Amino acid sequence: MTTFPQPFVSTVSHWQATNRGKTSLFNHNRDKPLPIDVVDYLVIGAGMAGASMAYHLTRPGVADGKKVVVLEAKDVASGATGRNGGHCAPYSFASWPLLTAPLESGGAGLTPEEALEVLDLEKRVLEYVTSLVEKEKWEVDFWRGEKVEVRRSEDAAKQMRESYQAWISARALGRFKDVKPEWEWIDDAEEAQRITRIKNATGCSKGPAGSLHPHKLATAFLRSALSTGQADLYSWAPVQKMNKVEGIWEVDCGERGLVKTKQVVVCTNAHTGNLFKGTDIDAYLTPFQGQAANVTPPPSFSGANYLNKTYTIEDGPYLVATPHAGIVLGLHHKLAVEQGVLEMKDIFGNADDSFVHPNAKAWLANYCKDSFAGWGSEAPGEGGVRFWAGIQCATRNTLPLVGEVPGEEYKGIWMAAGFHGHGMARIALTTKYLAKLVTTGEWDAGLPASFKLTAQRLEDGKKAPPFITDADKVGGVMGKVLGSFGYGGGVKSVAR
Ligand SMILES: Cc1cc2nc3c(=O)[nH]c(=O)nc-3n(C[C@H](O)[C@H](O)[C@H](O)COP(=O)(O)OP(=O)(O)OC[C@H]3O[C@@H](n4cnc5c(N)ncnc54)[C@H](O)[C@@H]3O)c2cc1C
C-alpha cells in the first residue's frame, strides 16, 4: 500500500498519453485554495467511480443547489481508470464458477439468483454507457460490438460448456426466463478459429462488449459535472485522514489544508485501506498490480484486416482494438503466475505503478506476433510500443463495497470501492444508484444487494482465503499456496 504523495513516479499509460490537450483536466485547480465553506458532498478520488459519482450527484433533481467537491490525490484518472484495458464488457457465463463458488474457496459465494443479478447489472452498464455517450455526445473513442472468450485447451472448453449449461438452467427458473440469452458458446474448434483468428482455439463464447478511452470517459463525466457550476475538482489534494468534529467531517489534505463536509463519498479503490488503516475494511481489500501494453499491429492486422472484436484468451491476454491506435492488451494475473511470468508477491500487495516487470513486458510484447495467425513480422515502431502498470483492488468476495460505512463513528461516510479489476463493467450504474442512496437513503433495486457494504459482509470476508500469504511474499512455494486455496484452480480465471 502506498500513501500520497507517492514516493515514486508512475508509468504513463496509452490513455494518459493520448489525452493531454486543452480539454483534459490535468492540474485542474492544483494551486487553488481548498473551499472554506462546509460542502454538501465531498468525493475522494477522481477515477471512474469518483468522476461518475460527481456526474450523478449533479444531475437535475438529484441534489439541486448542493455543492459537490472532488478531491484527487494526483490527476484525474491517474489510478486504475487511466491505466486499464479499455474494456467495458459484461461478464459472461464464464464467470459462473467464480460468482457461485463458496467464499471459503475463493469465490463470491452467491446463489444462482444473486449471480444473475450481478450479470444483469453488467449488461445494463454497457447499455447505459452506450446511451450516455450518445446523449452527452462525449468523444471517448467508444466502440460497441462483440467480445469473444477464446479457449485453447479441451479442459477449458469443457468447463465453458458446463458453465454455459449452468447459466442457462439458472436463467430458466427466474425472472430472466423469457429474456433471450445474450451469450453463445461456439463448441466447434474450426469455427472458433475462424471467428477469433487464434491458432488452436478449441471453442469460444460470443457476446456483447464495448471499448472506450477510459481517461477521456472519466474526464467527460467530470467535465459534465463541472459545467453545472455545482461541482468543483481539486487535483493534487491527497486526503490524509477524516475527523468528525461536532457532526461535521473535516477531510484533511495535509499541506493543502482541509475541507469540511456533511457527507463524504470514498472512491479511492486500491488506496481505500490508507483511510481505514487497521479496520475490517482495510483487511477486506488488497491492492494488486496489473500490467498492460499498447501494440501497433503490422499491415497484416491493419485496415480491412484490423481486429473487429474484443478478446479474452485462455492462455493469453484480454485485449481491445482501439478505433485508430492499435491494440491495448493486458496480462491476466492468474496466467502470469501459472506461466511463471510473475510471482504472487509481484502482483498482490504491490501498489507501485512505477514499473513493469521485464518478464511481463516481454510477454506483452511477444503475445500478438506469437499467437495471431498471419501476424507476420513487425517493422521498427510496430509491435509493443508502450507498457505500463496500474493498481487494482481485490476484495475478499470479489464484489465491490457499496453504501454507507457501517458503525456510528462513520455516519456520513459512503463508499464505492473494491472493483476487483472489473470496474468498467460495474461503476457507471453503481454510482448512479449510490447517488440515490446518499441523497434519499433509498437502495435502488437495480443495484445488486450482494454489493452492499455491511458489517456482516466484512465479518464473513474473514472466512475467504487471503490473496497473498507470508509464504508468497518470500516466494518459492507458489504452487503449494495456490493449490491450497483454489486461486489457481480455475475459479478466478475469468476476471475479464
Ligand atoms: C492494467 C489494468 C487493466 C484493467 N482492465 C480492465 C478492463 O479491461 N475492464 C474493466 O472493467 N476493468 C479493468 N480494470 C479495472 C478498472 O480499471 C478499475 O476497476 C476501475 O478503473 C476502478 O475505478 P475507481 O475509480 O474505483 O478506481 P481508480 O481509477 O483507481 O481511482 C481511484 C482514485 O482515487 C485517488 N485516490 C486514492 N486515494 C486518495 C486519497 N487519499 N486522496 C485523494 N485521492 C485519492 C487515486 O489517485 C485515483 O485517481 C483494469 C485495471 C488495470 C490496472
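Which polar backbone atom is 3.0 Å from a nitrogen atom of the ligand, and in which residue does that backbone atom sit? The views below start there; keep in mind that this is a predicted model.

**View 1. Backbone contacts to the ligand.** The backbone atom in question belongs to H87, and a ligand nitrogen sits 3.0 Å from it. A73 also puts a polar backbone atom 3.0 Å from a nitrogen atom of the ligand. Over at M48, a backbone N or O atom is 3.1 Å from one of the ligand's oxygen atoms. As for how covered the ligand is, it would expose 1,000 Å² if taken alone, and the protein buries 99% of that.

**View 2. The shell around the ligand.** Zoom out a little and there are 37 residues around the ligand, with A49, E72, T81, V239 and G423 coming nearest. Helix or strand, the elements that supply two or more residues to this shell are α2 (48-57) and β15 (383-395). Sorted by character, the shell has 17 nonpolar residues, 17 polar ones and three charged ones.

**View 3. The ligand and the two domains.** Why does the ligand count as lying between domain 1 and domain 2? Both of them give residues to the shell around it, so that is where it ends up. Domain 1 is built from 14-83 + 215-285 + 397-485, while domain 2 takes in 143-210 + 286-393.

**View 4. W138 against F221.** Here's one of the 14 aromatic pairs that turn up in a search of the whole structure. W138 and F221 meet edge-to-face, with 4.9 Å from centre to centre and 65° between the planes. W138 comes from the loop between α4 (112-136) and β4 (143-151), and F221 from helix α7 (residues 214-226), so the pair ties together parts that are 83 residues apart in sequence. Both W138 and F221 are buried.

**View 5. F276 with Y410.** This pair is a tilted one, because the ring planes make an angle of 55°, with the ring centres 5.6 Å apart. F276 sits in the loop between α8 (272-275) and α9 (280-284), and Y410 in the loop between β16 (401-404) and β17 (413-417), so parts that are 134 residues apart in sequence get tied together. F276 is buried, its relative accessible area being just 2%.

**View 6. An aromatic cluster.** Which residues join up with F301 in one aromatic cluster? Look for Y311, F372 and W375: together with F301, they form that cluster.

Conventions:
Residues are numbered from 1 along each chain as its sequence is written. This is a predicted model: local features need pLDDT of at least 70, side-chain atom pairs count only at pLDDT 80 or more; totals for chains, interfaces and linings use all residues. Side-chain values use heavy atoms; hydrogens and water are left out. A residue is near a molecule or strand if one of its heavy atoms lies within 4 Å of it. A polar contact is a pair of N or O atoms within 3.5 Å; within protein, one must be able to donate a hydrogen and the other to accept it, and residues adjacent in sequence count only if both atoms are side-chain atoms. Accessible areas come from the Shrake-Rupley method with a 1.4 Å probe; for residues, only the protein chains shown count as cover. Helices (H or I, at least four residues) and strands (E, at least two) are DSSP runs, numbered from the N terminus. Ala, Val, Leu, Ile, Met, Phe, Trp, Tyr, Cys and Pro count as nonpolar, Asp, Glu, Lys and Arg as charged, and the others, Gly among them, as polar. Domain bounds come from an automatic or database domain assignment. Rings of Phe, Tyr and Trp (its six-membered ring) pair if their centres lie within 6.5 Å; planes under 30 degrees apart count as stacked, over 60 as edge-to-face and the rest as tilted. Buried means under 20% relative accessible area, exposed over 50%, partly exposed in between (1.4 Å probe, protein chains only).
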